[in-house]
Amino acid sequence: MAESSHPNQRRIVVGITGASGAAYAVRVVELLAAADVEVHLACSDLGKRLLIEELGIKRLDPERLTGGYPHRLVIHPGNDVGAACASGSFQHDGMVIVPCSSNTLSKIAHGLSDNLVQRAAQVTLKERRPLVIAHRESPIGLIEIDSMRRVVEAGGIVAPLSPGFYLEPTTIDDLVDFMAGRLLDVLRIPHTLDIRWDEHLENR
Ligand SMILES: Cc1cc2nc3c(=O)[nH]c(=O)nc-3n(C[C@H](O)[C@H](O)[C@H](O)COP(=O)(O)O)c2cc1C
């Protein structure tokens with residue numbers, strides 16, 4: 001698919017890697033579908049394993065991933081560094097890696113691209129498109145901090161998976177939505193999730 005099907009169709013690349021928090025990834029894909037965004041999905045081998053371990057998702061089923069919304073979801077083989085979104089010529093509105101492992105973070109920070117997630121991130125950075133890295137690991141050390149610094153200096157955005165509690169969440173879904181909504185905010189994709197502090201203040 002060389003071009004988005006509609007001239008005004010937004011297009012986002014989503015990478016899933018082997019860090020904890022697969023629920024965030026599925027929710028982000030679902031929200032992008034709900035916003036009528038064309039999604040190009042790449043999943044590392046360990047990302048696939050985390051989908052199985054945490055959510056029991058054994059197969060990348062478009063219907064399951066998009067929550068039943070009408071969708072334009074293109075699932076690329078995770079090791080195909082020749083896929084469309086591996087090229088800098090691929091036109092898109094940004095990439096989010098959610099969850100992003102320390103491994104993938106460090107590879108991107110040092111210009112390595114052993115799989116499609118890393119390669120798509122590398123070209124997103126060099127083409128100066130938004131790259132959002134939703135990292136998950138705790139605690140982190142100097143290597144992760146240094147990799148984050150390098151990615152940010154190269155134009156990327158690091159958005160650690162650390163949901164806030166000030167909206168008084170009562171379920172895990174609330175926490176997942178908080179983070180998924182913030183990731184869409186950073187990508188400038190509209191959503192209707194109730195995650196705004198100002199609206200919370202008005203309703204108190
Ligand atoms: C169940 C499970 C949970 C993991 N959780 C994390 C994590 O939260 N953060 C992280 O950086 N790595 C985590 N790892 C380790 C990564 O999966 C491992 O470093 C892997 O090489 C990452 O590969 P990828 O970056 O290509 O997906 C986890 C591994 C497993 C099996």
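Helices (H or I, at least four residues) and strands (E, at least two) are taken as DSSP runs and numbered from the N terminus.

**Figure 1. Overall fold of the predicted model.** The protein contains eight helices and six strands. In sequence order these elements follow the pattern β-α-β-α-α-β-β-α-α-β-α-β-α-α. The radius of gyration is 16 Å, close to the 17 Å that the globule rule gives for 204 residues, so the protein is as compact as a globular protein of that length. Its C-alpha trace spans about 50 × 45 × 35 Å along the principal axes. Buried residues make up 43% of the 204. Among contacts with a separation of 6 or more, 78% are between residues 24 or more positions apart.

**Figure 2. The largest nonpolar core.** This core holds 57 residues, and the members touching the most others are V28, V96, V98, A134 and L183. Helix α1 (residues 22-34) gives the most to the core, contributing nine residues. The view is centred on V96, whose contacts are I12, V14, V28, V132, A134, L183 and L187, leaving out residues up to four places away in sequence.

**Figure 3. Strand β2 and its pairing with β1.** Strand β2 spans residues 38-43, and six of its six residues are buried. In a regular strand, side chains alternate between the two faces of the sheet. Both faces of β2 are covered: one side carries E38, H40 and A42, the other V39, L41 and C43, and all of these are buried. Strand β1 (residues 11-16) pairs with β2 in the parallel sense, over six bridges. One of the residues to follow in this view is V14, whose bridge partner in β2 is L41. V14 also appears in Figure 2, as a contact of V96.

**Figure 4. The shell around the ligand.** The ligand is surrounded by 16 residues, of which T17, G18, A19, S44 and L46 are the closest. Two elements give two or more residues to this shell, namely α2 (45-55) and α4 (102-109). Of the elements, α2 gives the most, with five residues. By residue class, the shell divides into three nonpolar, nine polar and four charged residues.

**Figure 5. Two cis peptide bonds that lead into proline.** Most peptide bonds are trans. The bond from V98 to P99 is cis, with omega near -10°. P99 sits in strand β4 (residues 95-100), and V98 is among the core members that touch the most others. The bond joining S138 and P139 is also cis, with omega about -5°. P139 belongs to the loop between β5 (131-135) and α6 (142-153).

**Figure 6. Two arginines with positive phi.** Most residues other than glycine have a negative phi. R128 has a positive phi, near 60°, and lies in the loop between α5 (116-126) and β5. A residue counts as exposed if 12 or fewer other C-beta atoms lie within 10 Å of its own. R128 has 9 other C-beta atoms within 10 Å, and is therefore exposed. Phi of R188 is likewise positive and near 60°. R188 is placed in the loop between α7 (172-186) and α8 (197-202). Because R188 has 10 C-beta neighbours inside 10 Å, this residue counts as exposed.

Conventions:
Residues are numbered from 1 along each chain as its sequence is written. This is a predicted model: local features need pLDDT of at least 70, side-chain atom pairs count only at pLDDT 80 or more; totals for chains, interfaces and linings use all residues. A nonpolar core is a set of buried Ala, Val, Leu, Ile, Met, Phe, Trp, Tyr and Cys residues joined through C-beta atoms within 7 Å. A residue is buried if 20 or more other C-beta atoms lie within 10 Å of its own, exposed if 12 or fewer, and partly exposed in between; C-beta atoms are placed from the backbone. Two residues are in contact if their C-beta atoms, placed from the backbone, lie within 7 Å. A residue is near a molecule or strand if its C-beta atom, placed from the backbone, lies within 6 Å of it. Ala, Val, Leu, Ile, Met, Phe, Trp, Tyr, Cys and Pro count as nonpolar, Asp, Glu, Lys and Arg as charged, and the others, Gly among them, as polar. The radius of gyration is taken over C-alpha atoms; the globule rule is 2.2 Å times the number of residues to the power 0.38. Two strands pair if DSSP finds at least two bridges between them.
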